[in-house]
Amino acid sequence: MPTAETVTQTLSAHFEDVKQQIREDCGLTNISYDTWIFPLSFLSYQDGVVSILIPTDNLLQQSYLEKHYIDFFRVALSEQAGINVDVSFVLPKDTPSLKEQGHETDPFPEEEEAAVTSSLSDFSGLNVKYRFDNFVVGGNNNFAYSAALAVAESPGDAYNPLFLYGGPGLGKTHLMHSIGHFIGHNKPGSKILYVTSEHFTNEVIEAIRSGQKDSKIMSRFREKYRTVDVLLLDDVQFIIGKESTQEEFFHTFNALKEAGKQIVLSSDKPPKQMETLEERFRSRFESGLIADIQAPDYETKMAIMKKLGEQYPVEIDDGAFAYIANNIKSNIRQLEGAFNKIIAFSRINNVPRITEEIAAEALKDFLYPDADRIVTYQRVIDTICEHFSISKDELLSSKRSAEVVLPRQLAMYISRKYVPNNSYKEIGKELGGKDHTTVISGEKRVIDLLKSDSEVERTLDILIKKINPSL
Ligand code: ADP
Ligand code: MG
């Protein structure tokens, strides 16, 4: 039985892993994760109970976590600790020592005023983890980085709004927090507010609901948002189309812009591709600067991991980094998840040096869960679409563009080789109603390519491992 001290050490060291596990177990979207789980931190372990700290005195968040996540935490923490533990979600107000250290309270309760401090506190809406100095700049994000820096240097002046867009896990949130920290440092006293769109939406709904009883509540809400110097609103796509929320946001936007206050928005797509976006929003979003973040190239992925590696005393071979970089296509959040796994593995197994083989062993379940499942067409199709970032419709279409032809041929080749009891005819049918001769020539093309193109060979290898690592 581990001592309380060991449990405390283990859980505090692995609390991020526990959070990631809950993200996976619950299949959380980024936005739900960022709202509910991300802000939590390990507080203590005592008498069989793990206390988890919610950064602000937000009763709503506390009851939501108790209702929806407590069992997941119980299981994940017990596994991590090696004994059965109970869980309690605590607020700063219930932990006197934290209160004295001046932790922020919920930015929106009755008696609170609107200001959100810009100190480098973990609890002002800004996360200390996300700063310019630990953001790795590469060809994929160079433009967005420079734009963010320009805005941070002259908020309200350079580009307003700054509209950052890009796929999940590519660094939008990181840049937004970086802007916040930078301004907080250079212009102490600035009111900086970072919110996710989900949070903003919840606040609007709450303000409308309680505003029916007390008209001051709505004005307090407006006051809160319209008096900031910098508003960082993450994942704005979730607001669009939500009637009253987008209306509130519209007025907030106008008020801030008019007053010369900086607005930074992020989204998964540029305004012109946001289908249900009304013209009045589009023109406003496009009135400042739009900057994209693309998927990282190999070198950027390597640089990000090397930077992470600097924090740990363990030696990590380039081969181990390369293994991760090759297996994780673009999402940097996943890249970090994989990196954390190899670090945890090396700790648990006392490995002083992480080689490529060790990385592969450590990441077996992470990269390739459910190793023993049989290969189905569905699994082949899903894996290929995910790997190449194409839609199922595209894969199954008859389009002949380069992005889809090779993936489709690989789907044919893999199905032929690994789906039990297949036939060319059946494969053709499963892949969008193709003729069996198309399947035969697709398979042949891959066989030919494999003789001459090592890149194709490597891709195939990765795909097969993703489909079933025991193959
Ligand atoms: P997004 O908001 O675009 O979904 P995030 O900003 O949350 O992505 O990034 C996901 C993770 O990857 C974060 O932990 C972030 O710190 C990290 N990350 C993303 N881009 C970089 C980068 N260029 N350098 C270092 N870390 C990065
Ligand atoms: Mg984000």
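1. How far is an oxygen atom of ligand 1 from a polar backbone atom of Gly-169? In this predicted model, the separation between the ligand oxygen and the backbone atom of Gly-169 is 2.7 Å.

2. Two side chains also make polar contacts with ligand 1. A polar side-chain atom of Lys-172 is placed 2.8 Å from an oxygen atom of the ligand, and one of Arg-333 is placed 2.9 Å from an oxygen atom of the ligand.

3. The surroundings of ligand 1 comprise 17 residues. Those that come nearest are Val-136, Gly-169, Thr-173, His-174 and Glu-336.

4. The second largest pocket also merits attention. Its space amounts to about 1,300 Å³. Its lining consists of 37 residues, of which Ile-328, Ser-330, Asn-331, Gln-334 and Glu-386 are the closest to the centre.

5. Several elements contribute at least two residues each to the lining of this second largest pocket: helix 1 (4-25), strand 4 (162-166), helix 14 (332-348), helix 16 (364-367) and helix 17 (377-388). Helix 17 provides the largest share, with 6 residues. By residue class, the lining of the second largest pocket holds 15 polar, 11 nonpolar and 11 charged residues.

6. Confidence should be considered alongside these points. The protein chain has a mean pLDDT of 88, and 93% of its residues reach 70 or more. Over residues 99-123, however, pLDDT stays under 50. The model gives this segment 57 contacts beyond four places in sequence. Predicted coordinates should not be read in detail where pLDDT is low.

Conventions
Residues are numbered from 1 along each chain as its sequence is written. Chains are lettered from A and ligands numbered from 1 in the order in which they are written. This is a predicted model: local features need pLDDT of at least 70, side-chain atom pairs count only at pLDDT 80 or more; totals for chains, interfaces and linings use all residues. Side-chain values use heavy atoms; hydrogens and water are left out. pLDDT is the predictor's confidence in each residue, from 0 to 100. Contact means heavy atoms within 4.5 Å. On a 1 Å grid over the protein atoms alone, a cavity is a set of points where a 1.4 Å probe fits but cannot get out, and a pocket is an open set with protein on both sides within 12 Å along at least five of seven lines; lining residues have an atom within 4 Å of a point. Grid points are joined across faces, edges and corners, and a volume is the space filled by probe spheres set on the points. Helices (H or I, at least four residues) and strands (E, at least two) are DSSP runs, numbered from the N terminus. Ala, Val, Leu, Ile, Met, Phe, Trp, Tyr, Cys and Pro count as nonpolar, Asp, Glu, Lys and Arg as charged, and the others, Gly among them, as polar. A residue is near a molecule or strand if one of its heavy atoms lies within 4 Å of it. A polar contact is a pair of N or O atoms within 3.5 Å; within protein, one must be able to donate a hydrogen and the other to accept it, and residues adjacent in sequence count only if both atoms are side-chain atoms.
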